[in-house]
Amino acid sequence: MAKMFKGAENAFKVRLSIRTALGDKAYAWDTNEEYLFKAMVAFSMRKVANREKTEISHVLLCNVTQRVSFWFVVTDPSEKHTLPAVEVQEAIRMNRNRINNAFFLNDQTLEFLKIPSTLIPPTDPPVPIWIIIFGVIFCIVIVAIILLILSGIRQRRRKDKGPSEVDDTEDKCENTITIENGIPCDPLDTKGGHVNDAFMTEDERLTPL
Amino acid sequence: MMGRGLREPDHSKELRTRHTGPTSSQRDRGAALYLAISGAFPAAVARRGGARRHPFTSLAPPTGAPLTRLAIKKRASGSDAGHPRPSRTGRGAWRPRSKAAERGARAGASSAAMEKARPLWDNPLQFVFACISYAVGLGNVWRFPYLCQMYGGGSFLVPYLIMLIVEGMPLLYLELAVGQRMRQGSIGAWRTISPYLSGVGVASVVVSFFLSMYYNVINAWGFWYLFHSFQDPLPWSVCPLNGNRTGYDEECEAASSTQYFWYRKTLNISPSIQENGVVQWEPALCLILAWLLVYLCILRGTESTGKVVYFTASLPYCVLFIYLIRGLTLHGATNGLAYMFTPKMEQLANPKAWINAATQIFFSLGLGFGSLIAFASYNEPSNNCQKHAIIVSLINSSTSIFASIVTFSIYGFKATFNYETCLNKVILLLTNSFDLEDGFVTASNLEQVKGYLASAYPSKYSEVFLQMKNCSLESELSTAVQGTGLAFIVYSEAIKNMEVSQLWSVLYFFMLLMLGMGSMLGNTAAILTPLTDSKVISSRLPKEAISGLLCLVSCAIGMVFTMESGNYWFDIFNDYAATLSLLLIVLVETLAVCYLYGLRRFESDLKAMTGRTLNWYWKIMWAGVSPLLIISLFVFYLSDYILSEALQYQAWDASQGQLVTKNYPPHALAVIGLLVASSIMCIPLVALGMFIMRRLRRADTASVA
């Protein structure tokens, strides 16, 4: 039997890292665990077409080390040879998740050397998230710019209208003379006014600081 | 005085009504008389007209509104039409001009006066915040920690602080004082000092233009990372799968996931600068957004900028403080801090340490771009810019030190994490090769186990030994990174290993954006202020259109940096666009103010403006020490460029997953030469142009006469 292992192309090495995965809750690897392993491999093989008759006794383990690591191979007693590696590989890959769960391990802590595990692709949402956030901020900025520009234009129009409105009211005032008590107001005749220096006091000459 | 309904209570309306009645000719006579009397005292006129009734105005009503308005208009246009002639001294005639214009504007008497009045900061705090927001930028975060690490850790603070006092503060004060005194952007300010020197202003604008073109690309990258921080897991923490989903992408395996995300997903970098590739639409979109945001902030001039800088100056400190607390509590942070701050005194003797300290102070404060002149030109003339200069430079330097504490605690965390990962890999390798019991080898007994294995299984051990990496905490800590590599690779690598990494990532990139935006505001102010000061342009286009055009042009040219080879062009701009030119510009500035304009004249101007005498310390620094320092820096850099055989750059090799050094091709060298020459050549060319124009004008007048 030893000839069928180690170097046999249909044998696979398995490596478990129980303590790394479970820490304090790590269980010891004994023959019962080995039995479970054989059962899982047989189960995987039974799922393959033409191999529904695989039994636990067809799975052989060898060379268990402290690590914990060992080699296994699946035989076909009716034909007295080991099952081809491709089939075993296919079977294990299909049921990897269940094998892992039986031992509370994952793809990294229960390694089948030479059987690459199918990696879970990162989930891609239909629309990349960053575009959504980009769109939101983009719209906010554009709206803010338009608001600012519009308010600037409005301010400028108000300023332009302001003096012209002032001019209108002044023109209107030109024709009105308010009368109080029968006397036209504004007794100071504006027409003949001129500067009276006496009213310009000294401190007004100087500019305020 | 009752009667005229329009008189009270609004005195400005009283002002307006008074000019009814008299004919236009009388009005003109009155106007002339009024002007003659109130010639130099427009403030008095404005106050009379707008604020209260005065017998003077009631006697000569025609002199009320229109003349006040006329007087104000004249004064207001006078204040901005030209340059406050340096020969006019004394406060009375010079200061109130702008105030009169302001008051006239406030009285709503004349729209023309309102447009001509120079906008001001709402309060001095806005000015200080604007300067801090501009000076405290990405360089404080990603350049200073690198320098500190390279040049002796704690002992680098000695040359740094000395250079701050000797070079940073005096030059900053000089620029602020020039801006506040001349009350114009860089071109106008230097034209006032001497028409031959307007080339200095033009050179500043050119350098600022180059800077704003490439600097906003960093903000675009910041946006990219910020938007990607809202995913779980962070996209740079996992490698994408390869074609048949059996393993990870090769490039990602060779490099690390953060490097892969930066070089492949963000930049999609090409192997060399010659292969240009196409414009990547994702960074291009982020660049457009970055420019739109800048436009939003500068749209209304100081009105909008003044409010934005409250945020861009203060928010980064909040985030840095949060990061400080988080950083100090990380596992392994003390390793980084100890490594950084243990002083290596022998570096003090290294001249490179001093040169780099001087350079860092110089560029960190943003001298020579014209932004500080632009900001200071919007100040009240009586503003105490000496105090502000000292405050801004101290805050800038202490922010650098503060940021480097944060950076080094993060470094320490990352280095410790990587060291422990490396150790774990070695342990796994040994465990698997020798089928030892799982969990038997730990970090503490690793060396013993290695020794045992080497003696027990020598042949097998020697095979395994080749695959073993030598893990060393020292080597992890000593990988010094600066620039975009630090910000986008090292930091994001550290962040992905923290708990709640999305939160830390969002905070960090938000802080980077604030820092970058603050500096961009200063850069664009440096370009816009001379443009809006010049009557030719500002009379044709409103302020919003000028800013919009600038943003559009810069964005269009900035698309070059979003191509596949964009990062290489970015490095060219980063290394060469501003370095030599700025040194020369600031040197010419200092010499011009001290020797062309005259240090005594400037001193008396400052005294008239602010009321404080100039300390002898500033005079010595301006006239002697700082120019000498700048000359020595300039000579050093020039000789460095000349002596180096070939200019090289770092290119990303996708197959190896690391950077390789290559030589610049001739067209890249030509671009470098153009960059440096186009800004430096402005100074002599404009001087020459002015000289020729004056000669021609003199020849014309001579021939006419």
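1. Let's start in chain B, with a pair of strands. Strand β1 (residues 648-653) of chain B and strand β2 (residues 658-663) of chain B run antiparallel and are joined by 6 bridges. To find the pairing by eye, look for B:Gln650, which stands opposite B:Thr661 in β2(B). The hairpin these strands form has 4 residues between them. At B:Gly657 in that hairpin, the backbone takes a positive phi near 75°. Keep in mind throughout that this is a predicted model.

2. Chain A is a good place to go next. It has 6 helices and 7 strands, and along the sequence they come in the pattern β-α-α-β-β-β-α-α-β-α-β-β-α. Of its 209 residues, 33% count as buried. If you take the contacts in chain A between residues at least 6 apart in sequence, 59% of them join residues at least 24 apart.

3. Within chain A, I'd look at strand β3 (residues 69-76). This strand is mostly covered, with 8 of its 8 residues buried. As background, side chains in a regular strand alternate between the two faces of the sheet. Here, A:Ser69, A:Trp71, A:Val73 and A:Thr75 point one way from β3(A), while A:Phe70, A:Phe72, A:Val74 and A:Asp76 point the other way. Buried or exposed? Both sets are buried.

4. Which strands pair with β3(A)? One is strand β1 (residues 12-16) of chain A, which runs antiparallel to β3(A) and is joined to it by 4 bridges. Another is strand β2 (residues 59-62) of chain A, again antiparallel and with 4 bridges to β3(A). A:Phe72 is a handy residue to centre your view on: it is the bridge partner of A:Phe12, and A:Leu61 stands opposite it as well.

5. Two more details on β3(A). The hairpin of β2(A) and β3(A) has 6 residues between the strands, and A:Asn63 in it takes a positive phi near 60°. β3(A) is also joined by 2 bridges to strand β4 (residues 81-82) of chain A, and these two run antiparallel. In that pairing, A:Asp76 stands opposite A:His81 in β4(A).

6. Back to chain B, and to helix α21 (residues 385-434). The axis of helix α18 (residues 333-341) of chain B comes within 6 Å of the α21(B) axis, and the two cross at roughly 125°. That makes α18(B) oblique to α21(B). The crossing is right-handed. On the α18(B) side, the residues in contact are B:Ala333, B:Asn335, B:Gly336, B:Leu337, B:Met340 and B:Phe341. They meet B:Ser404, B:Ile405, B:Phe408, B:Ser409, B:Gly412, B:Phe413 and B:Thr416 in α21(B). By class, the residues of this contact divide into 7 nonpolar, 6 polar and no charged.

7. Helix α11 (residues 157-182) of chain B meets α21(B) too. Their axes come within 9 Å and cross at roughly 140°, which makes α11(B) oblique to α21(B). This crossing is right-handed. The contact includes B:Leu157, B:Tyr160, B:Leu164 and B:Met169 among the residues of α11(B), and B:Cys385, B:Gln386, B:Ala389 and B:Ile390 among those of α21(B). The contact of α11(B) with α21(B) has 14 nonpolar, 5 polar and no charged residues.

8. Now a single residue, B:Cys551, in helix α28 (residues 543-558) of chain B. Why is B:Cys551 classed as buried? Its relative accessible area is 5%, and the cut-off for buried is under 20%. Leaving out residues up to four places away in sequence, B:Cys551 touches B:Trp291, B:Tyr295 and B:Ile298. For a sense of the sequence separation, B:Ile288 is 263 residues from B:Cys551 along the chain, yet their C-alpha atoms are separated by 9.4 Å.

9. Last, have a look at B:Asn567, found in helix α29 (residues 566-576) of chain B. At 7% relative accessibility, B:Asn567 counts as buried. What does B:Asn567 touch, not counting residues up to four places away in sequence? The list is B:Trp221, B:Leu267, B:Ile269 and B:Phe561.

Notes. Residues are numbered from 1 along each chain as its sequence is written. Chains are lettered from A and ligands numbered from 1 in the order in which they are written. This is a predicted model: local features need pLDDT of at least 70, side-chain atom pairs count only at pLDDT 80 or more; totals for chains, interfaces and linings use all residues. Side-chain values use heavy atoms; hydrogens and water are left out. Axes are lines fitted to C-alpha atoms, for helices over the stretch in contact, and angles run from 0 to 180 degrees between N-to-C directions. Angles under 35 degrees count as roughly parallel, over 145 as roughly antiparallel, 65 to 115 as roughly perpendicular and the rest as oblique. A crossing is left-handed if the near helix is turned anticlockwise from the far one by less than a right angle, and right-handed if clockwise. Contact means heavy atoms within 4.5 Å. Ala, Val, Leu, Ile, Met, Phe, Trp, Tyr, Cys and Pro count as nonpolar, Asp, Glu, Lys and Arg as charged, and the others, Gly among them, as polar. Buried means under 20% relative accessible area, exposed over 50%, partly exposed in between (1.4 Å probe, protein chains only). Two strands pair if DSSP finds at least two bridges between them.
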